[in-house]
Amino acid sequence: MAPHLLLVMRILFFLTGLSDTQSVSTVSHVSVKQGGSITIPCLYDLRYSNNVKYWCRGYYWLGCSTVVRTDHPKTSGNTSISDDINQRVFTVTMRRLSSSDSDYYWCIVERKNEADDGVSLQISVTPGTPELYVDQQELTGVVGGSVTMLCYYSKLGGSGRWCRMGGSCVAVGHSVDLDGTFVKLVQEQRETTNGYVLMVTMSGLMMENTGWYRCEKGKLQMPVHVTVNQPSTTQSTITITPSVTNRDNVVTNENTDAKHQSLLEVLFIPLSLLVVLIAVTLVTWKMLRKHKDKKAKDQPPNTPVQSADSEQNITYSTVSHTRRTAQQDPFPDDAVTYSTVVTKNKTQPNAAKPDVVYSTVAAHQR
């Protein structure tokens with residue numbers, strides 16, 4: 001190619017915002033609910049690992065304004081940027097989105113002595129339910145396990161797809177091998193909202209499956225990141241499979257159930273100990289009470305100690321001789337007999353004090 005023609009092409013690439021290599025890729029159009037967040041992955045070629053990357057806003061490249069850069073500033077308002085040179089992807093996260101954030105943006109790699117390399121995308125912020133959305137943009141699994149992603153969309157027009165960003169795609173109704181992992185796509189209708197859900201299941205995960213994927217429905221796309229870890233020694237193969245019992249309220253993972261189950265397991269031990277403690281206390285109390293009743297039954301009734309001079313057990317009897325005058329007393333003094341009669345009665349402890357009986361014995365001489 002003639003040198004002057006090559007120069008003209010480079011000028012055209014610079015003016016239109018396109019490089020002659022086009023080694024940066026991302027999604028084309030995402031829809032986000034107002035107040036929500038979105039993370040946009042920007043994949044780049046290996047030779048750009050040490051280059052500065054930046055996020056630019058505007059329909060045209062030449063007229064766009066830089067929002068954040070991987071060197072400085074990395075954060076501006078509700079937008080932040082980070083670069084993973086191992087995965088060769090830099091990500092931009094926008095939080096608390098409003099309708100004013102709807103616009104065209106650019107993923108750009110800065111290059112020296114030549115035009116920057118980049119690609120554009122559109123972000124639409126809607127007050128209602130987005131036309132295509134997911135519950136979460138991050139999934140985690142282990143080697144040999146599986147993960148399931150649910151992609152929701154409001155219209156049926158066009159078939160849904162699941163794609164590896166920078167790789168191949170799988171369409172609805174197909175079950176194929178994607179990068180060594182079995183992928184199955186099932187589309188179902190949500191009856192009450194007349195919407196649809198695309199269930200994507202990836203099983204037989206491998207470490208190589210870590211990376212960015214996307215749900216596609218027509219012109220809309222939604223990026224999703226999958227992380228695959230090695231199972232630990234105490235961790236069995238994890239399968240993250242949401243249940244679709246209610247088509248309007250599909251559970252996307254089992255983390256909530258696992259937390260509830262672990263909470264019940266934590267509470268089970270102290271509750272069990274409390275029940276055992278109460279049972280032991282009741283048995284001990286019954287045994288003590290039974291022993292006390294038996295001891296009281298075997299003990300003979302108490303017999304009060306009789307006191308020789310106790311007025312409760314003594315009846316006094318006094319025999320006195322009424323002395324007459326000398327003229328009238330026919331009996332001499334030595335003919336009078338005095339006696340004391342003591343009667344011992346067994347009385348109850350609370351019996352009333354016995355009466356004193358006095359008697360007089362008179363001896364008549366013949």
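**Reading a predicted model: loops, backbone angles, cores and a pocket**

Analyst: In this predicted model, D179 sits in the loop that runs between β16 (175–178) and β17 (181–190), and this loop residue is a good place to begin reading the structure.

User: What is the phi of D179 near, and how should I read such a value?

Analyst: The general idea is that most residues other than glycine have a negative phi, and most peptide bonds are trans. In this structure, D179 departs from that pattern, with a phi near 55°, a positive value in a residue other than glycine. As for its surroundings, D179 counts as partly exposed because its relative accessibility is 40%, which falls between the cut-offs of 20% and 50%.

User: Where does N113 lie, and is N113 buried or exposed?

Analyst: N113 belongs to the loop between β9 (103–109) and β10 (117–126), and N113 has a positive phi of about 65° although it is not a glycine. Its relative accessibility is 85%, so N113 counts as exposed.

User: Which residues are joined by a cis peptide bond?

Analyst: The bond between H72 and P73 is cis, with an omega of about -5°. P73 is placed in the loop between β5 (65–69) and β6 (75–76).

User: How should I read a nonpolar core, and which residues have the most contacts inside the largest one?

Analyst: In soluble globular proteins, nonpolar side chains tend to be buried together. Here the largest nonpolar core has 51 residues, and those with the most contacts inside it are I40, W55, I123 and W162. This core draws at least three residues from each of domain 1 (23–126) and domain 2 (132–229). A second, separate core has six residues, including Y54, C56, C64 and I108.

User: Where does I123 lie, and is I123 buried or exposed?

Analyst: I123 is part of strand β10, and with a relative accessibility of 1% I123 counts as buried, because the cut-off for that label is under 20%. Although I123 and I38 are 85 residues apart along the chain, their C-alpha atoms are separated by 9.3 Å.

User: Where does Y48 lie, and with which side chains does Y48 make polar contacts?

Analyst: Y48 lies in the loop between β3 and β4 (53–57), and at 2% relative accessibility Y48 counts as buried. The side chain of Y48 makes a polar contact of 3.0 Å with the side chain of R111, and another polar contact, also given as 3.0 Å, joins the side chains of Y48 and D117. Y48 and R88 are 40 residues apart in sequence, and from C-alpha to C-alpha they are 8.2 Å apart in space.

User: Is S23 buried or exposed, and which side chain does the side chain of S23 join in a polar contact?

Analyst: S23 is in the loop between α1 (3–16) and β1 (24–25), and S23 counts as buried because its relative accessibility is 19%, where the cut-off is under 20%. The side chains of S23 and R47 are joined by a polar contact of 3.3 Å.

User: What is the volume of the largest pocket, and which residues are the closest to its centre?

Analyst: The volume of the largest pocket is about 270 Å³. Of the 13 residues that line this pocket, L43, Q87, R88, R164 and M165 are the closest to its centre. Read by class, the lining has five nonpolar, six polar and two charged residues, and β3 (38–44) and β19 (211–217) each supply at least two residues of the lining.

User: Why does the largest pocket lie between domain 1 and domain 2?

Analyst: Residues of the lining come both from domain 1 (23–126) and from domain 2 (132–229), so the largest pocket lies between them.

Definitions and conventions. Residues numbered from 1 in each chain as written. Predicted model: local features only at pLDDT ≥ 70, side-chain atom pairs only at ≥ 80, totals over all residues. Heavy atoms only, no water. 1 Å grid on protein atoms, 1.4 Å probe; cavity = no way out; pocket = protein on both sides within 12 Å on 5 of 7 lines; lining within 4 Å. Points joined across faces, edges and corners; volume = space filled by probe spheres on them. Helix = DSSP H or I, 4+ residues; strand = E, 2+ residues; numbered from the N terminus. Nonpolar A, V, L, I, M, F, W, Y, C, P; charged D, E, K, R; others polar. Domains from an automatic or database assignment. Core = buried A, V, L, I, M, F, W, Y, C linked by side-chain atoms within 4.5 Å. Buried < 20%, exposed > 50% of the residue type's maximum accessible area, 1.4 Å probe, protein only. Polar contact = N/O pair within 3.5 Å; in protein donor to acceptor, adjacent residues only side chain to side chain.
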